[in-house]
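Here's a quick walk through one helix, its surroundings and the ligand site. Have the viewer open and follow along.

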Amino acid sequence: MASPATAASNDDEGNEPAGAAFTCRFTAALRHVETTLVPNPVLSDPLAPLLCGPRALKLAQDELAGLAAAQGPGKHLRVPARTRLVEEQLLDALRQLSSHEQGGVDVQVVSLGCGMDTRPWRLPQLAQRSGCRVRWFDVDQPEIARLKLDSLAAAGAQTSAEEVVRPGDGQRERPAAAAFPLHCSSYAMVGADLSVVPLREALVQLAEPAQPFRADLPTVWVLEAVIYYLPLEAADALLQVSFAPAHARSERVLGRDWS
Ligand SMILES: C[S@@+](CC[C@H](N)C(=O)[O-])C[C@H]1O[C@@H](n2cnc3c(N)ncnc32)[C@H](O)[C@@H]1O
């Protein structure tokens, strides 16, 4: 991810995040390019073009052109392949957690350094029929959290799965249909710099009161291309939390950094 981060520091778009933060725009752009320009794509990410921005898109198009020049046309990009691999592990972990329970199980997914990842909107397998009620937490730096929520709102993506009380008859109902509905049972975006804020603290203090993080629930931790951005001490502390066996069949770490 080094070259796009360097490119971002010269960015002339006033609101483009710089440095490591820009890499999340780049990975989204690579997923968009895979979705639209590669035959038989390894994934489909219709929200990605609404989250990646034009500069990252240009770099991703260049990466595909470079790959085609070096290896011939029709090759898959490395980042979407990683994304697909991680989500197969994620869905497998959810299947395993639900296979022992009758009537569905509450599971948390915490995506650390989530960037512009869109799994809560593009994986229908997260819906309750998978046997899990999935409470999803996205965690990233505060400016990325703001940028992602603003971009999701502009795209018409649902970011709250809470039921609302209908005026008039007082019936509870799901929010109005969104262009991109959530497939998980609840969603929270947590803005925290994990190099300075301890993970548990970030989850407990910053998540919306409507969706508190619960240490007693099975939790699937997704670490995809983030750990190498953290100072060693912070990375060590984060891995200790996410590996800690707080629940018998609880915490699994996925997608440690493959680039
Ligand atoms: C290469 S991107 C990966 C994004 C996403 N996981 C994906 O695969 O598309 C790295 C992400 O780590 C985040 N990150 C880097 N340092 C961080 C920190 N100190 N605290 C929280 N997030 C951080 C960046 O903001 C960025 O979104």
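Let's start with α7, where I144, L147, K148 and L152 are the buried residues. Those four span an arc of only 130° around the axis, so they sit on the same side of α7. That fits the usual helix arithmetic: with 3.6 residues a turn, positions three or four places apart point the same way. Keep in mind that this is a predicted model.

Flip to the face turned away from the buried side of α7 and you'll find D150, A153 and A154, which are exposed. What packs over the buried residues? The cover includes α2, α3 (48-52), β2 (132-140) and β5 (186-191). Just past the end of α7, G156 takes a positive phi of about 75°.

One of those covering elements, α2, is worth a look too. Here are the two helices by length:

| Helix | Residues | Number of residues | End-to-end C-alpha distance | Expected span |
|---|---|---|---|---|
| α2 | 22-37 | 16 residues | 22 Å | 22 Å |
| α7 | 142-155 | 14 residues | 20 Å | 20 Å |

For α2, the end-to-end distance agrees with what 1.5 Å a residue predicts. This helix is mostly covered, with 13 of its 16 residues buried.

Now the ligand. α2 gives the most to the surrounding shell, with 3 residues. In total 21 residues surround the ligand, and C24, T27, G113, G115 and L194 are the closest. By type, the shell splits into 11 nonpolar, 6 polar and 4 charged residues. Both domain 1 (4-77) and domain 2 (80-255) supply at least three residues each to this shell.

How values were computed:
Residues numbered from 1 in each chain as written. Predicted model: local features only at pLDDT ≥ 70, side-chain atom pairs only at ≥ 80, totals over all residues. Helix = DSSP H or I, 4+ residues; strand = E, 2+ residues; numbered from the N terminus. Expected span 1.5 Å × (residues − 1). Buried ≥ 20, exposed ≤ 12 C-beta atoms within 10 Å, placed from the backbone. Near = placed C-beta within 6 Å. Nonpolar A, V, L, I, M, F, W, Y, C, P; charged D, E, K, R; others polar. Domains from an automatic or database assignment. Arc of directions from axis to C-beta. Contact = placed C-beta atoms within 7 Å.
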